[in-house]
Amino acid sequence: DTAQSNFTDPESRSMKSGTGEWMQGYNGQAAVDSDHQVIVACDLTNMAADAPHFKPMIEQVVENTGAEPFQASSESGYFSKENVENTVSPFCEVFIPPDRMRHSRAGTAALAALAERQDDGSNLSCADRMRERLSTALGQKAYGIRKKTVEPVFGQIKGCPGSPGFRQFLRRGIVKCHQEWHWICA
């Protein structure tokens, strides 16, 4: 009785946007090469959560490029113990903050916590180990790369001022929107 449905596109879902607003739509995923800002993998789902999409996106990167990434960084929505500990390759170093953090301040709170810690860190949780990794110079640099790889790509997809850009799907249904997302990413 309390379920809501969208009559225009019943396969879409109500999801919270990055600005905190609720909107009807799909969740577009994209993996971007850090050297050239090229989308190397993409997908579209009607699941709001990002974490379940991390491993399939890494697998798609390997399938599409024929190479395993040596580093992968994602925003905090992708954090899960499984994503951190069970990537496709044991040689892929993962940087996913367990909490929201600004690129320029990655690991600042973790550094303060590490300075106060008295033990060797062997009993840290997965989230605390990730905070520790992000507090290092390598972790801060690796996570900071996101602001010049994937974030600009999404900005370019949405369009610069004065250009129409992509703001909504023109087709209905997950299969058709999935196709449209692939066209946009291509």
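Asn-27 is a good place to start: leaving aside neighbours within four places in sequence, Asn-27 is in contact (heavy atoms within 4.5 Å) with Met-15, Asp-43, Leu-44, Thr-45, Met-47, Ala-48, Ala-49, Asp-50 and His-53. One of these partners, Asp-50, also makes a side-chain to side-chain polar contact with Asn-27 at 2.9 Å. A polar contact here is a pair of N or O atoms within 3.5 Å; within protein, one must be able to donate a hydrogen and the other to accept it, and residues adjacent in sequence count only if both atoms are side-chain atoms. Asn-27 lies in strand β3; helices (H or I, at least four residues) and strands (E, at least two) are DSSP runs, numbered from the N terminus. With a relative accessible area of 10%, Asn-27 is buried, a word that means under 20%, with exposed over 50% and partly exposed in between (1.4 Å probe, protein chains only).

A word on the model itself. It is predicted, so local features need pLDDT of at least 70 and side-chain atom pairs count only at pLDDT 80 or more, while totals for chains, interfaces and linings use all residues. Residues are numbered from 1 along each chain as its sequence is written, and side-chain values use heavy atoms, leaving out hydrogens and water.

Now turn to helix α6 (residues 150–158), where Val-150, Val-153 and Ile-157 are buried. Seen down the axis of α6, the buried residues fall within an arc of 60 degrees, so they line one face of the helix; the arc is that of the directions from the helix axis to the C-beta atoms. They pack against β3 (27–32), β4 (39–45) and α7 (174–185). Just after α6, Gly-159 takes a positive phi of about 105 degrees.

Those three α6 residues also belong to the largest nonpolar core, which has 12 residues, including Tyr-26, Phe-166 and Trp-181. Such a core is a set of buried Ala, Val, Leu, Ile, Met, Phe, Trp, Tyr and Cys residues joined through side-chain atoms within 4.5 Å.

Trp-181 also forms a stacked aromatic pair with Phe-154, 6.3 Å centre to centre and with 15 degrees between the planes. Rings of Phe, Tyr and Trp (its six-membered ring) pair if their centres lie within 6.5 Å; planes under 30 degrees apart count as stacked, over 60 as edge-to-face and the rest as tilted. This pair links distant parts of the chain, with Phe-154 in α6 and Trp-181 in α7, 27 residues apart.
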